[in-house]
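The exercises below are meant to be worked with the sequence and the model side by side. Try each task before reading its solution.

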Amino acid sequence: MTRTLPTTETGGPVVGKPIDRVDGTAKTTGTARFSAEYPLPDLARAALVHATISRGRITAIGTAAAAAVPGVVAVLTHLNAPPLKPAPKVNPLNLSTLVSGTSVDYLNTDEVHWDGQPVAVVVADTLEAAREAAGLVTVTYETWASTVDFAAEEKNAQPQKSTMIVSGGAKKGDAEAALAAAPVSLDLRFTTPPHHHNAIEPHATTASWDGDRLTVHEGTQSIDWVRTHLAGRFGVPPANVRVIAPFVGGGFGGKVMLWPGTILAALAARATGRPVRLALTREGVYRTVGGRTPSTQRVALGADTDGKLTALVHTSVTRTGRVGGVPEQVTSQSRHLYAAENILVQHNLVELDLLSNTSMRAPGESIGTYALEASIDELAHRLGVDPIELRMRNEPATNPIDGKKFTHRMLREAYAQGAERFGWADRTPEPGSMRDGRWLVGMGVASAYHPAWQFAASVTVRLSVDGSVLVRCGFHEMGMGGATAQAQIAADALGVPFDAVRVEYGDSTLPVSPGAGGSMQTASIASSLLAACEKLKRELDTLAKRSASAGESPATILAEAGVPSVEAAVGSDTRFGRVAGQLKFAAKFLRDQRRWMKAACGAQFCEVRVDPDTGEVRVSRWAGVFDVGRVINAKTASSQLRGGIVMGIGMALAEETLVDPRTGRIMNPSLAEYHVPVHADIPPIDVSYLDDPDPTMPLGLIGVGEVGITGVAGAIANAVHHATGRRIYDLPITLDKLL
């Protein structure tokens, strides 16, 4: 059923206020239902069997022992699985083709493409029986040569090609020549490891068939893309697939794509004729869901003796899988943050026999700002200039690489306010000069940056004679407060109380929303929602004139006109209409890109304490000031920004996926060995924002989901350098690198 949320009572304009999330009660009382919690009649459970080689072919597979386990319904392999249609090739004119995590025909092939690829699915009456039987499946392989060592393959990287979706690089002037001629220069190399998302809710799918109609309960960030992809893979019309996702227990990019577990749950349900739930173990998430690519980065800066940049070079090497993956835009921010006279940015790629990489919060900018901002800090240190002052000397008036106007840029104001709030004036410049007892104290800063995005969305708004408003849109709620924000926008747009607005979302039967990623969902829906509200108000004006009730409340106008409700819609839910809408927005996006540059930015301030004997690093204070345009909900925006900072602290100090360079197997696929921050690792985080609208965006909002993580690792690395005099070039910053 469509999820409907209650609202809370307030009065007056509500956009910008810290309204409590309307899904808060459901989540805190346990009534919120996630994808692995739907009780269906005769529900079976499934478990995966994973390949133990990185490349090869299955020569034999033994299932007799597994099939003999009491309660086992089926053991599906490439020998008996129903056929699937192949995954579609990526088509920039049809963005839903991007949703395929890999191009592998799961269980329709005997080929193995990565260590961890599912090679069998066991379906049983209980989860315990399914997992026991999965452990009894035996597989024999013919092993083929594979390439899995990223460090060894870096030398074979090839330049990334530019497409409509991603850019391979850009240049202005001759940066290498300017670097060689610069009075002051540096040329540094940085590395970042692979990362995994580790959402609280592991990936899970509950799938059921009714004839040729498929229903999936799925924690996803892209409901419509999942529906389209499943329809294509199983050869049914998209209208025959329903995707239900009212609550998603964290995504961060890991649930944008559609991974093997979802396909195989639906496949198992079709093969057995029973509803099937496939909930991945934590290890199963690591082995079948992509994470962030590792990177090596070169940042070279040339400057005059006053610190004015004459050259900026930022190049990167990242990886994709041979069976898919998304290029990471590591040098994105380096095209926009500093007014260098000559700029060269370039992405390079290697393809490996590993699971496809995927988007992870602020893909590209999160790891790219680490290298760039640490390099700017190092230049400031060599010049003897305050790090903030050096940034301000190189703050551009227009986009550095092409001269386009910024639609909104208040980085100077963010640094000024942040320095005051943080107490930057108390910092002494020399590394190692500040102590608190036995602890070395360091302060660091870095710039945050993330581009603004917007896509097509379909929305309906209904106003009823009782004064209630119903907003319907199939968007995604992953904890960021989307339903609350859209209710606030609708309430103000129609001049009704917040508690009069009800929002339905999280279901593919609702009007189509773009995915929740790239900090674009709120702006995309807000644009269509505001347009629908304007349509509705025009209809009310017409009714008011007919009934001579101008100036009355909307409910009174409807009552006096004898009309039970009025409804307005924006967007199209036909397949043709959706594609046309995507193309229209793509054209608008390209036009906007040619005209100006839009982005969120900010200033990150960090204080660390370092034990000189053990190398232990503790983040002791944090302040972040952000230019994110207009803020819709003060409480949820602050929560998003803090969440990004927390994730950035983990990236800087702890997180690292360890891949065996001989076999391609992930060696730490659990939260016992992959370390994420806990409460004791996180200091008080002072978050503020300028709340100044961007005139080119709906309501002036830019987006807050991604920008909070950017610059975090750079600020920490810079603070560690200030505390110790040691510049760390390889994340994470662990104690062994400081001793």
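**Exercise 1.** In this predicted model, determine which residue of strand 12 stands opposite Thr-205, and describe how strand 11 and strand 12 pair.

Solution. Begin with the residue itself: Thr-205 stands opposite Glu-218 in strand 12. Next, place the pair in its elements, since strand 11 covers residues 204-210 and strand 12 covers residues 213-218. The two strands pair in the antiparallel sense, over six bridges. Finally, look at the turn of this hairpin, where two residues lie between the strands and Gly-211 takes a positive phi near 70 degrees.

**Exercise 2.** Follow strand 12 to strand 13 and work out in which sense these strands run, parallel or antiparallel.

Solution. Strand 12 and strand 13 are joined by four bridges and run parallel. As one example of the register, Thr-215 stands opposite Arg-242 in strand 13. On the whole, strands of a sheet pair through backbone hydrogen bonds, either parallel or antiparallel.

**Exercise 3.** Set out the strand order of the open sheet and name its edge strands, then find which helices lie on the sheet.

Solution. The sheet has seven strands in the order 4-6-2-14-11-12-13, and its pairing is mixed. Its edges are strand 4 and strand 13 (241-244), each of which pairs on one side only. From one strand to the next, the twist averages 20 degrees. Within the order, strand 2 (residues 44-50) pairs with strand 14 (residues 276-279) in the parallel sense over two bridges, and Ala-44 has Val-276 as its bridge partner in strand 14. Helix 3 (residues 127-134) packs on the sheet, where it touches strand 2, strand 4, strand 6 (118-124) and strand 14, and its direction makes about 20 degrees with that of strand 2. Helix 7 (residues 260-272) lies across strands that include strand 2, strand 11 and strand 12, and runs at about 30 degrees to strand 11.

**Exercise 4.** Decide whether Val-75, in strand 4, is buried or exposed, and list its contacts beyond its neighbours in sequence.

Solution. Strand 4 spans residues 72-76 and includes Val-75. The relative accessible area of Val-75 is 9%, so this residue is buried. Leaving aside residues up to four places away in sequence, Val-75 touches Thr-63, Ala-66, Ala-67, Asn-80, Val-121, Val-122 and Val-137. Val-75 and Ala-124 are 49 residues apart in sequence, while their C-alpha atoms are 8.8 Å apart in space.

**Exercise 5.** Describe how helix 9 and helix 17 cross, and which residues meet there.

Solution. The axes of helix 9 (residues 365-383) and helix 17 (residues 712-724) come within 7 Å and cross at roughly 30 degrees, and the crossing is right-handed. On the side of helix 9, Tyr-370, Glu-373, Ala-374, Asp-377, Glu-378 and His-381 take part, and they meet Ala-713, Gly-714, Ala-717, Asn-718 and His-721 in helix 17. The residues of this contact divide into four nonpolar, four polar and three charged.

**Exercise 6.** Explain why Cys-533 has no disulfide bond to Cys-473.

Solution. The closest cysteine sulfur to that of Cys-533 belongs to Cys-473 and is 12 Å away, which is too far for a bond because a disulfide needs the two sulfur atoms within 2.5 Å. Cys-533 is also buried, at 0% relative accessibility. Cys-606 is in no disulfide either, its nearest cysteine sulfur being that of Cys-601, 19 Å away. With the same cut-off, the count comes to zero disulfides.

Terms used:
Residues numbered from 1 in each chain as written. Predicted model: local features only at pLDDT ≥ 70, side-chain atom pairs only at ≥ 80, totals over all residues. Heavy atoms only, no water. Buried < 20%, exposed > 50% of the residue type's maximum accessible area, 1.4 Å probe, protein only. Contact = heavy atoms within 4.5 Å. Pairing = 2+ DSSP bridges. Axes fitted to C-alpha atoms, helices over the stretch in contact; angles between N-to-C directions. Left-handed = near helix turned anticlockwise from the far one by under 90°. Nonpolar A, V, L, I, M, F, W, Y, C, P; charged D, E, K, R; others polar.
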